[in-house]
Amino acid sequence: MHVASDGQPPDPAKLGRSSWYFLHAVAEGYPLRPSESDRATMTTFLSSFAKVYPCSYCAADFREHLADHPPGVQDRYHLVRWMCEAHNAVNLKLDKPLADCEALAAKWKVAAAAAAAAASAKP
Ligand SMILES: Cc1cc2nc3c(=O)[nH]c(=O)nc-3n(C[C@H](O)[C@H](O)[C@H](O)COP(=O)(O)OP(=O)(O)OC[C@H]3O[C@@H](n4cnc5c(N)ncnc54)[C@H](O)[C@@H]3O)c2cc1C
């Protein structure tokens with residue numbers, strides 16, 4: 001994929017749209033019942049992402065958001081919700097409409113609780 005040939009930084013809006021698509025997809029693919037290793041990998045990924053994101057002021061704000069709102073790595077429901085809220089924090093700053101994060105994540109709440117119950121019922 002061709003990004004920029006003139007040494008200019010990427011367009012923040014174009015970069016943002018693709019990045020949110022990726023980040024929401026990552027959250028939707030996170031395990032319903034993550035292992036300790038899954039949680040550590042996701043925490044490291046998000047903090048690395050916030051260091052390498054190629055829009056310096058966006059990255060700085062995302063790092064601040066991460067510090068103030070530790071990511072919900074306990075299961076998919078919490079991560080989907082956290083990602084939606086992180087996106088809403090940027091929407092708020094840019095005066096864009098906010099998503100209903102509880103509604104967006106609700107389907108995973110039941111599934112994550114069922115996965116936890118099934119695991120604890122195992123002999
Ligand atoms: C980590 C990060 C930080 C950023 N920081 C800045 C910044 O500081 N300044 C700046 O100018 N731009 C920033 N951006 C880019 C900005 O968020 C937008 O991506 C960009 O302005 C393009 O906006 P858009 O209206 O096309 O929709 P986007 O905000 O890119 O959203 C794409 C689509 O996602 C859906 N959506 C919207 N909100 C949510 C939500 N809460 N949860 C789930 N889905 C949702 C909607 O269908 C929307 O059309 C950042 C992007 C990222 C990934």
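**Exercise 1. Find which residues of H4 are buried, and say what they pack against.**

Start with the helix itself: in H4, the buried set is Arg76, Tyr77, Leu79, Val80, Trp82, Met83, Cys84, Ala86 and His87. Bear in mind that this is a predicted model.

Next, look at the partners. The buried residues of H4 pack against H1, helix H2 (36-52), H3 and H5.

Then check the geometry. H4 has 18 residues and runs 26 Å from its first C-alpha to its last, close to the 26 Å expected at 1.5 Å a residue.

Finally, step off the end of the helix. Just after H4, Asp95 takes a positive phi of about 60°.

**Exercise 2. Place H4 in the overall fold.**

Count the elements: the protein has five helices and zero strands. Read from the N terminus, that gives α-α-α-α-α.

Now the outline. The C-alpha trace spans about 60 × 30 × 30 Å along its principal axes.

For burial, take the whole chain: 15% of the 123 residues count as buried.

For contacts, take pairs of residues at least 6 apart in sequence; 57% of these contacts join residues at least 24 apart.

**Exercise 3. Work out which residues build the largest nonpolar core and which elements supply them.**

Begin with the membership. The largest nonpolar core has 13 residues, and those with the most contacts inside it are Ala27, Tyr77, Leu79, Val80, Met83, Ala105 and Trp108. Two or more residues of this core come from each of H4 and helix H5 (101-121). H4 gives the most, with seven residues.

Now pick two members and trace their contacts, leaving aside residues up to four places away in sequence. Trp108 touches Arg76, Tyr77 and Val80. Ala27, for its part, touches Leu79, Val80 and Met83.

**Exercise 4. Explain why Ala27 is classed as buried, and locate it.**

Ala27 sits in helix H1. The cut-off for a buried residue is 20 or more other C-beta atoms within 10 Å. Ala27 is buried because it has 24 other C-beta atoms within 10 Å.

For a sense of distance along the chain, try Pro12: Ala27 and Pro12 are 15 residues apart in sequence and 22 Å apart in space, C-alpha to C-alpha.

**Exercise 5. Compare the burial classes of Trp82 and Gly72, then see whether the contacts link the two.**

Take Trp82 to begin with. This residue is in helix H4. With 22 C-beta neighbours inside 10 Å, Trp82 counts as buried. The C-alpha atoms of Trp82 and Ala59 are separated by 17 Å, with their positions 23 residues apart along the chain.

Now Gly72, which is in the loop between H3 and H4. Gly72 has 19 other C-beta atoms within 10 Å, so it is partly exposed.

On to the contacts, again not counting residues up to four places away in sequence. Trp82 touches Pro71 and Gly72. Seen from the other side, Gly72 touches His78, Leu79, Arg81 and Trp82.

One more distance for Gly72: its C-alpha atom and that of Met42, 30 residues apart along the chain, are separated by 9.6 Å.

**Exercise 6. Describe Asp95 and Lys96: buried or exposed?**

Location comes before counting. Asp95 is in the loop between H4 and H5, and Lys96 lies in the loop between H4 and H5 too.

Now count neighbours. A residue is exposed if 12 or fewer other C-beta atoms lie within 10 Å of its own. Asp95 has 6 other C-beta atoms within 10 Å, so Asp95 is exposed. Lys96 has 11 other C-beta atoms within 10 Å, so Lys96 is exposed.

Look at the backbone next. Phi of Asp95 is near 60°, a positive value in a residue other than glycine.

To finish, Lys96 and Leu32 are 64 residues apart in sequence and 30 Å apart in space, C-alpha to C-alpha.

**Exercise 7. Dissect the shell around the ligand.**

Of the 20 residues around the ligand, Gly16, Ser19, Cys58, His87 and Ala99 come nearest. Helix H1 (12-28), helix H3 (56-68) and helix H4 (76-93) each give two or more residues to this shell. H1 gives the most, with seven residues.

By residue type, the shell divides into 11 nonpolar, six polar and three charged residues. One link back to the start: His87, one of those that come nearest to the ligand, is also in the buried set of H4.

Note on methods: Residues are numbered from 1 along each chain as its sequence is written. This is a predicted model: local features need pLDDT of at least 70, side-chain atom pairs count only at pLDDT 80 or more; totals for chains, interfaces and linings use all residues. A residue is near a molecule or strand if its C-beta atom, placed from the backbone, lies within 6 Å of it. Helices (H or I, at least four residues) and strands (E, at least two) are DSSP runs, numbered from the N terminus. Ala, Val, Leu, Ile, Met, Phe, Trp, Tyr, Cys and Pro count as nonpolar, Asp, Glu, Lys and Arg as charged, and the others, Gly among them, as polar. A nonpolar core is a set of buried Ala, Val, Leu, Ile, Met, Phe, Trp, Tyr and Cys residues joined through C-beta atoms within 7 Å. Two residues are in contact if their C-beta atoms, placed from the backbone, lie within 7 Å. The expected span of a helix is 1.5 Å times one less than its number of residues.
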